[in-house]
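The following exercises concern salt bridges, burial and a helix in a predicted model. Each task is followed by a worked solution.

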Amino acid sequence: MAIELFWGSGSPFAWRVLLALEYKRLPYVSHLLQFSKQEHKSPQMLALNPRGRVPVLKDGDYVCFESLAILYYLDLKYPQPPIFGRTPEEAGTIMRVICEYQAYIEPRLTTIASGVFQATRICPVMRSPTRCTRSPTRRAPSRDGCRSPTGSSGMPARRSTWSSSPASSC
């Protein structure tokens, strides 16, 4: 029975698995799900992955989700060519780079991507995405470049009135 991969366009985690399958030259059946139709949350998909996320790999009766878990499974089940190195030193270096990426780069890329794709702005003070609730013409810029609501005096509101909730203004 062929490997089946359930994935969605725009998911870098799914792309990671697609690249691994191509790199290993493994035959697979591709099931491209449409996020706009919530196909990843369908009862059939929730039976495979209760989190309702992609990618999901089905190999015979075995189902695996979470991209790194899928890569690890593929590397052990189909060892040639290896994904995680041929020696303990190579494997250690590869795993270190993966961990560094997840700890230091991925959170920042996610912040940037959410700013681009979800129309949020990055507030330099909070260093997190916030959804701006007022138009720029109704807010006065503060010294740090972040826009804050103005008080009755026309001066920027005090910092203590800011919150990091998604509805806060930056």
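**Exercise 1.** Classify Lys-24 as buried or exposed, then identify its salt-bridge partner and the parts of the chain that the pair connects.

*Solution.* Step 1: the relative accessible area of Lys-24 is 5%. A residue counts as buried under 20%, so Lys-24 is buried.
Step 2: the partner is Asp-75, with 3.1 Å between the closest N and O atoms. This satisfies the salt-bridge cut-off of 4 Å.
Step 3: Lys-24 is located in the loop between helix H1 (12-23) and strand E2 (28-33), whereas Asp-75 belongs to helix H3 (residues 67-77); the pair therefore ties together parts 51 residues apart in sequence.
Step 4: Asp-75 has a relative accessibility of 11% and is likewise buried.

**Exercise 2.** Determine how many salt bridges the whole structure contains, and describe the one formed by Asp-59.

*Solution.* Step 1: the search of the whole structure yields three salt bridges.
Step 2: Asp-59 pairs with Lys-77, and their closest N and O atoms are 3.8 Å apart.
Step 3: this pair links distant parts of the chain, since Asp-59 is in strand E3 (residues 56-59) and Lys-77 in helix H3, 18 residues apart.
Step 4: Asp-59 is buried at 9% relative accessible area, while Lys-77 is partly exposed at 45%.

**Exercise 3.** Describe the salt bridge between Arg-96 and Glu-100 and its setting in helix H4.

*Solution.* Step 1: the closest N and O atoms of Arg-96 and Glu-100 are 3.0 Å apart.
Step 2: both residues lie in helix H4; because they are four residues apart, about one helical turn separates them.
Step 3: Arg-96 is partly exposed, with 42% relative accessibility, and Glu-100 is also partly exposed, with 34%.

**Exercise 4.** Which residues of H4 are buried, where does H4 bend, and which residues form the nonpolar surface patch?

*Solution.* Step 1: the buried residues of H4 are Ile-98, Glu-106, Ser-114 and Gly-115.
Step 2: the bend is at Ile-105 and amounts to about 45°, with the proline Pro-107 following within four residues.
Step 3: Ile-105 also belongs to the nonpolar surface patch, together with Tyr-101, Tyr-104, Leu-109, Ile-112, Val-116 and Phe-117. The accessible area of the patch is about 770 Å² in total.
Step 4: Tyr-104, a patch member, is placed in helix H4 (residues 88-117). Its relative accessible area is 55%, and over 50% counts as exposed, so Tyr-104 is exposed.

Notes. Residues numbered from 1 in each chain as written. Predicted model: local features only at pLDDT ≥ 70, side-chain atom pairs only at ≥ 80, totals over all residues. Heavy atoms only, no water. Patch = residues over 30% accessible without salt bridge, like charges linked within 9 Å, V, L, I, M, F, W, Y side chains within 5 Å. Areas by Shrake-Rupley, 256 points an atom, 1.4 Å probe, with all protein chains shown as cover. Salt bridge = Lys/Arg side-chain N within 4 Å of Asp/Glu carboxyl O. Helix = DSSP H or I, 4+ residues; strand = E, 2+ residues; numbered from the N terminus. Buried < 20%, exposed > 50% of the residue type's maximum accessible area, 1.4 Å probe, protein only. Bend = angle between axes of the 7 residues up to and from the residue.
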